[in-house]
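Work through these exercises with the model open beside you. Try each task before you read its solution.

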Amino acid sequence: MIKRAFHNWERRLAAAAENRTVRPFDWGIDWIPELQNRQGPEASRLLDWAAGAVRTSEEFFSTPEETPFDLAGDRLTFPSAVRTPHAQNNEVIARYFPDSSAAGKRRAVLVLPQWNADEGGHVGLCRLMNRFGISALRLSLPYHDARMPPELLRADYIVSANVGRTLTVCRQAVLDARQAIQWLHSQGYESIGIMGTSLGSCLAMLTAAHEPLVKAAALNHISPYFADVVWRGLSTAHVRQSLDGRVELDQLREMWMPISPWPFIGRMREKRSLLVYALYDLSFPLDLSRILVGGFKSQAVTHEVSVLPCGHYSTGVAPFKYLDGLTLCRFLAKNL
């Protein structure tokens, strides 16, 4: 009865977003320069390229040696390491929440909000971190809020049925996050963590797995595979409509493996990780979350687990948002 009630509530909360657009399927080869001169079917080219990206992930997620940062008030900006066709998306924007306490001058967390978060998303969480003696830097994901071109109403270009574009823009998000962490380090922060929610959680784990400066990662709503969430999740049903009949899930899972947490679990051994999932989640299905937890266990990667007694959308509603926020902040305060 409780499960049915939460699932019905999740569907009502999801239905509140009426501006979802079903966009056409595209292999997106034009978004991956290395593939444009290769021969063969698009699917085969993407599969081969993705396998190589996983094997050489250090190179795939590498960042420039130097980045020109500009801090004006609480707004940090810098050029993204990935150039896209949209100029406004190529400038990274982050909001800085410094804490003046002795602990807050030593430790900081990069915050990656959920898919389609507006500029106010997770600001309350950043301020809560300040109360725990932690400085915070909130990153605007690619194609979100001020980085969104005028033709978009939602952040469709970071998760869509354009396979190559999704790969490139999610890689961009990881590189943006790594550059932001390097800025925090340049400001004198000695103990740096990362926190991400939903899509931000996936990107946060990819960042933590490849950024040596990250000491602790709080991953809020989790899945081992990017493709499976898009294929099965309530939030991405409109994306699945365009994928059906054009690509199989097994193929898509391999194509999107470079932006999936699963291959990189072993790289989290030197980190302190919190894995949070929700018992009645229809966007990040429960069995997927438990598979990722199982992967951490089977590879003997140290981690903590927290299970929320709610769903995906209801995590953002009282009282569950308070429970979630306190869980995340307590973990980071303890491990930084």
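## Exercise 1: A loop arginine

Arginine 83 is exposed, with a relative accessible area of 56%; exposed means over 50%, buried under 20% and partly exposed in between, with a 1.4 Å probe and protein chains only. This is a predicted model, where local features need pLDDT of at least 70, side-chain atom pairs count only at pLDDT 80 or more, and totals for chains, interfaces and linings use all residues. Residues are numbered from 1 along each chain as its sequence is written, and side-chain values use heavy atoms, with hydrogens and water left out.

Task: place arginine 83 and find which backbone oxygen its side chain reaches at 3.3 Å.

Solution.
1. Arginine 83 sits in the loop between E2 and E3. Helices (H or I, at least four residues) and strands (E, at least two) are DSSP runs, numbered from the N terminus.
2. The side chain of arginine 83 reaches the backbone oxygen of asparagine 90 at 3.3 Å.
3. A polar atom of the same side chain lies 3.1 Å from the backbone oxygen of serine 80.
4. Now look along the chain. Glutamine 172 is 89 residues away from arginine 83, yet their C-alpha atoms are separated by 8.4 Å.

## Exercise 2: The sheet

Task: trace the strand order, then say why one side of E1 and of E9 is left without a neighbour.

Solution.
1. The order is E1-E2-E3-E5-E4-E6-E7-E8-E9, an open sheet of 9 strands with mixed pairing. Two strands pair if DSSP finds at least two bridges between them.
2. Strands E1 (70-72) and E9 (303-308) are at the edges and have a single partner strand each, so one side of each has no neighbour in the sheet.
3. From one strand to the next, the twist averages 20°.
4. Check one pair. E2 (residues 75-79) and E3 (residues 91-97) run antiparallel, joined by 5 bridges. Phenylalanine 78 stands opposite valine 92 in E3.
5. Add a helix. H5 (residues 163-186) packs on the sheet and touches strands including E1, E2 and E3; its direction makes about 155° with that of E5. Contact means heavy atoms within 4.5 Å. Axes are lines fitted to C-alpha atoms, for helices over the stretch in contact, and angles run from 0 to 180 degrees between N-to-C directions.
6. Helix H11 (residues 320-335) lies across E4, E6, E7, E8 and E9, at about 165° to E7.

## Exercise 3: A serine in a strand

Task: decide whether serine 135 is buried or exposed.

Solution.
1. Serine 135 belongs to strand E5.
2. Its relative accessibility is 0%, so serine 135 counts as buried.
3. The side chains of serine 135 and tyrosine 189 make a polar contact (3.1 Å). That is a pair of N or O atoms within 3.5 Å; within protein, one must be able to donate a hydrogen and the other to accept it, and residues adjacent in sequence count only if both atoms are side-chain atoms.

## Exercise 4: The largest pocket

Task: which helix gives the largest share of the lining of the largest pocket?

Solution.
1. The largest pocket has a volume of about 1200 Å³.
2. Its lining has 50 residues, with Gln114, Trp115, His122, Thr197 and Ser198 nearest its centre. A pocket is an open set of points on a 1 Å grid over the protein atoms alone, with protein on both sides within 12 Å along at least five of seven lines; lining residues have an atom within 4 Å of a point.
3. H11 supplies the largest share, 5 residues.

Technical notes. On a 1 Å grid over the protein atoms alone, a cavity is a set of points where a 1.4 Å probe fits but cannot get out, and a pocket is an open set with protein on both sides within 12 Å along at least five of seven lines; lining residues have an atom within 4 Å of a point. Grid points are joined across faces, edges and corners, and a volume is the space filled by probe spheres set on the points.
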